[in-house]
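The exercises below concern a ligand site and the empty space within a protein model. Work through each task with the structure open before reading its solution.

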Amino acid sequence: MTTICANLQTVRARIAAAAETAGRSTGGISLLAVSKTFPARQVREAAAAGQRAFGENYVQEGLAKIQSLADMNLEWHFIGPLQSNKARAVAEHFHWAHSIDRVKIAERLAAARGSQRPPLQVCLQINVSGEASKHGVSPGETAALAHAVAALPNLRLRGLMAIPEPTEDQALTRRRFAALRALRDTLNRDGLALDTLSMGMSHDLEAAVLEGATIVRVGTAIFGGRTRA
Ligand SMILES: *Cc1c(COP(=O)(O)O)cnc(C)c1O
């Protein structure tokens with residue numbers, strides 16, 4: 001067995017154990033393998049081990065891998081900061097975008113996606129850490145953004161994503177995840193139908209699963225340490 005294959009088994013076992021603790025079914029939690037900085041060869045290895053969904057942070061790097069793995073029928077998620085001038089490439093080549101934090105980006109994605117293809121699946125990135133984080137829309141501005149994005153054509157608003165600030169304080173991280181879930185629940189009471197909470201990475205996926213994550217985004221624990229961000 002390859003290292004990546006063994007790592008995938010370990011991560012899946014961690015998800016299963018956390019799901020059991022939470023009294024949840026593992027069927028409601030998908031594993032997004034974050035392959036940023038790793039070559040297509042290693043993505044192929046993970047795909048051979050049964051992994052289908054991959055996350056990328058950089059548009060050009062992601063496009064190169066999408067192209068060289070076109071034979072594999074994989075699902076590609078864009079999870080990095082979204083710039084206006086990259087929106088077209090994301091809309092044309094990815095299945096999901098997790099990091100929408102303003103309406104202008106969503107409008108560009110919607111226009112570029114067009115109506116000939118299935119809608120782009122999108123999440124709003126929420127800043128659950130206040131001044132400790134620069135990315136994401138603030139919780140107070142989320143409802144307005146969510147209703148605006150839900151009204152756009154060619155996109156399907158699936159849910160919310162967050163990256164809590166790095167900390168050793170696991171209770172704090174867990175409160176951040178709980179806050180994201182509470183925000184999702186509030187939006188759903190307000191008429192939206194969000195089924196996705198994209199939260200949890202290599203070091204905190206258990207806390208995320210305990211708080212209701214439906215997608216965990218895991219890089220290091222599958223592919224190993226990165227030499228660049
Ligand atoms: C890099 C990255 C991950 C994966 O982080 P690991 O700690 O390597 O598991 C998850 N989500 C986002 C948005 C990332 O940029």
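**Exercise 1. Find which atoms of the protein make polar contacts with oxygen atoms of the ligand, and state how much of the ligand is covered.**

Solution. Begin with the backbone: a backbone N or O atom of glycine 219 lies 2.8 Å from an oxygen atom of the ligand, which falls under the definition of a polar contact, a pair of N or O atoms within 3.5 Å. Then turn to the side chains, where a polar atom of lysine 36 is 2.7 Å from a ligand oxygen, and a side-chain N or O atom of serine 202 is 2.5 Å from an oxygen atom of the ligand. Finally, of the 390 Å² of accessible area that the ligand has on its own, the protein covers 91% (Shrake-Rupley method, 1.4 Å probe).

This is a predicted model, in which local features need pLDDT of at least 70 and side-chain atom pairs count only at pLDDT 80 or more, whereas totals for chains, interfaces and linings use all residues. Residues are numbered from 1 along each chain as its sequence is written, and side-chain values use heavy atoms, with hydrogens and water left out.

**Exercise 2. Describe the shell around the ligand by residue class.**

Solution. First list the residues with a heavy atom within 4 Å of the ligand; among them are Val34, Lys36, Asn57, Ile79, Ser202, Gly219 and Arg226. Next sort the shell by class, which gives five nonpolar, four polar and three charged residues, where Gly counts as polar.

**Exercise 3. Locate the ligand relative to the largest pocket, and describe that pocket.**

Solution. The ligand sits in the largest pocket, in the sense that more than half of its atoms lie within 2 Å of the pocket's grid points. A pocket here is an open set of points on a 1 Å grid over the protein atoms alone, with protein on both sides within 12 Å along at least five of seven lines, and lining residues have an atom within 4 Å of a point. The largest pocket holds about 380 Å³ of space, and of its 19 lining residues, Lys36, Asn57, Ile79, Ile163 and Met201 are the closest to its centre. By class, its lining has nine nonpolar, seven polar and three charged residues.

**Exercise 4. State where threonine 37 lies, and give its phi.**

Solution. Threonine 37 belongs to the loop between strand S1 (30-34) and helix H2 (40-48), these being DSSP runs of at least two residues for strands (E) and at least four for helices (H or I), numbered from the N terminus. Its phi is near 75 degrees, a positive value in a residue other than glycine.

Terms used:
A polar contact is a pair of N or O atoms within 3.5 Å; within protein, one must be able to donate a hydrogen and the other to accept it, and residues adjacent in sequence count only if both atoms are side-chain atoms. On a 1 Å grid over the protein atoms alone, a cavity is a set of points where a 1.4 Å probe fits but cannot get out, and a pocket is an open set with protein on both sides within 12 Å along at least five of seven lines; lining residues have an atom within 4 Å of a point. Grid points are joined across faces, edges and corners, and a volume is the space filled by probe spheres set on the points.
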